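Visitor: I've got a structure open on the bench computer and a few things I'd like to ask. Mind walking me through it?

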Amino acid sequence: MLFWGLFSLQMIGMLAVLKGIIRLDPCSGICIDREAICILLGGSSAGAGYIAYSCTGEQPVIGIGYLFLSVYLTVCAVTDRQTCMVYDFLQLPAAAAGAVMGLMCPLPPESGAVLIVFALLQYLVFMRLYGKGDGMAFQICSLYIVSGGGDLEKLLLHMAAAFGLLGSLQLIRGNLNKRGNLKFPVPFIPYIAGTVLWFL
C-alpha cells in the first residue's frame, strides 16, 4: 500500500513538473510520449521501491528527500533524452531537500569537506568532459549519498559506475571510436539516475 501511494505521488509530481515546463517553454520540444511515460514509470517504481524498503516511519523527512531526488532525476532524464538539456530550476528543490537530509542525519565531521572536494572536482575537472547539467546531477546525488553515510570513495564509485554503464552500452551499440570517445553524443542523466540507487 505504501509503495503505491509513493508511486502515485511521484507520478503526479513528475507529470506536473513536465506539464509546467511545456507550458512555460512551449518551444522546448518536450512532450509526454511513450518513451517519456516509460521513463516516468521506471523512475517512480525505483523511487517508491527504495523509499518503501529503506525508510522507516521515524524520519519521514528522509523519505520526502528521496522523493525529491527521484522526481528530479526522472524529469531530468526525460528532458535530457528529448532535448539534451537539463533545466537549472529543477536543481534547487532537489539540492535543498538533500541539504535538509544532511542536516537531519548524524554525519561525521569530514562530510562537509567531502562535499566541497567533490564539488571542486566537478567544476574544475569533470564538467569539462560532460555538460554542466550532468555535473550538477552528480553533485545533487552526492548530497544524498553523503547523507546516507557515504564518503568520497562512494561518490567517485558512483561516477565510475555511470561512466561504465554508458561506455558498455555505447560499445555494444557501436557508438565508441578507437580512442574510447563517443562518436555521437548521448544523454548522460539516465545513466547517472540508473546507477545512484546502488550508492545511497
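Visitor: Let's start with R81: buried, partly exposed or exposed?

Guide: Keep in mind that this is a predicted model. The partly exposed class runs between 20% and 50% relative accessible area. R81 comes out at 40% relative accessibility, so the class for R81 is partly exposed.

Visitor: Which side chain does R81 meet in a salt bridge?

Guide: The structure holds one salt bridge, so there isn't much hunting to do. It links distant parts of the chain, running from helix α3 to a residue in helix α2, 46 residues apart. That residue is partly exposed, with a relative accessible area of 32%. The N to O distance is 2.5 Å, and the partner of R81 is E35.

Visitor: Over to the nonpolar core, then. Which element gives the largest share of the largest one?

Guide: In general, nonpolar side chains tend to be buried together in soluble globular proteins. Here the largest nonpolar core has 53 residues, with Y66, Y72 and Y144 making the most contacts inside it. Among the elements giving two or more residues are α1, α3, α6 and α8. The largest share is eleven residues, and it comes from α3.

Visitor: Y144 caught my eye. Which residue numbered 200 does it touch?

Guide: Leave aside residues up to four places away in sequence. Y144 then touches, among others, G65, Y66, F68 and L69, as well as A94, A97, G98 and M101. Also on the list of contacts is L200.

Visitor: How are the rings of F188 and Y191 arranged: stacked, tilted or edge-to-face?

Guide: F188 is buried, and so is Y191. Stacked needs planes under 30 degrees apart, and edge-to-face needs over 60. The centres of these two rings are 6.4 Å apart and the planes sit at 35°, so the pair is tilted.

Visitor: And what is the angle between the planes of F138 and F188?

Guide: This is one of twelve aromatic pairs in the structure. F138 lies in helix α6 and F188 in the loop between α7 and α8, 50 residues apart. The pair is edge-to-face, with 5.7 Å centre to centre, and the angle is 65°.

Visitor: Last one: how exposed is L120?

Guide: L120 lies in helix α5. Together with I116, Y123, L124 and V125, L120 makes a nonpolar surface patch of about 500 Å². L120 counts as partly exposed because its relative accessible area is 46%.

Terms used:
Residues are numbered from 1 along each chain as its sequence is written. This is a predicted model: local features need pLDDT of at least 70, side-chain atom pairs count only at pLDDT 80 or more; totals for chains, interfaces and linings use all residues. Side-chain values use heavy atoms; hydrogens and water are left out. A nonpolar core is a set of buried Ala, Val, Leu, Ile, Met, Phe, Trp, Tyr and Cys residues joined through side-chain atoms within 4.5 Å. Buried means under 20% relative accessible area, exposed over 50%, partly exposed in between (1.4 Å probe, protein chains only). Helices (H or I, at least four residues) and strands (E, at least two) are DSSP runs, numbered from the N terminus. Contact means heavy atoms within 4.5 Å. Patches are made of residues with over 30% relative accessible area and no salt bridge: like charges are joined within 9 Å, nonpolar side chains (Val, Leu, Ile, Met, Phe, Trp, Tyr) within 5 Å. Accessible areas come from the Shrake-Rupley method with a 1.4 Å probe; for residues, only the protein chains shown count as cover. A salt bridge is a side-chain nitrogen of Lys or Arg within 4 Å of a carboxyl oxygen of Asp or Glu. Rings of Phe, Tyr and Trp (its six-membered ring) pair if their centres lie within 6.5 Å; planes under 30 degrees apart count as stacked, over 60 as edge-to-face and the rest as tilted.
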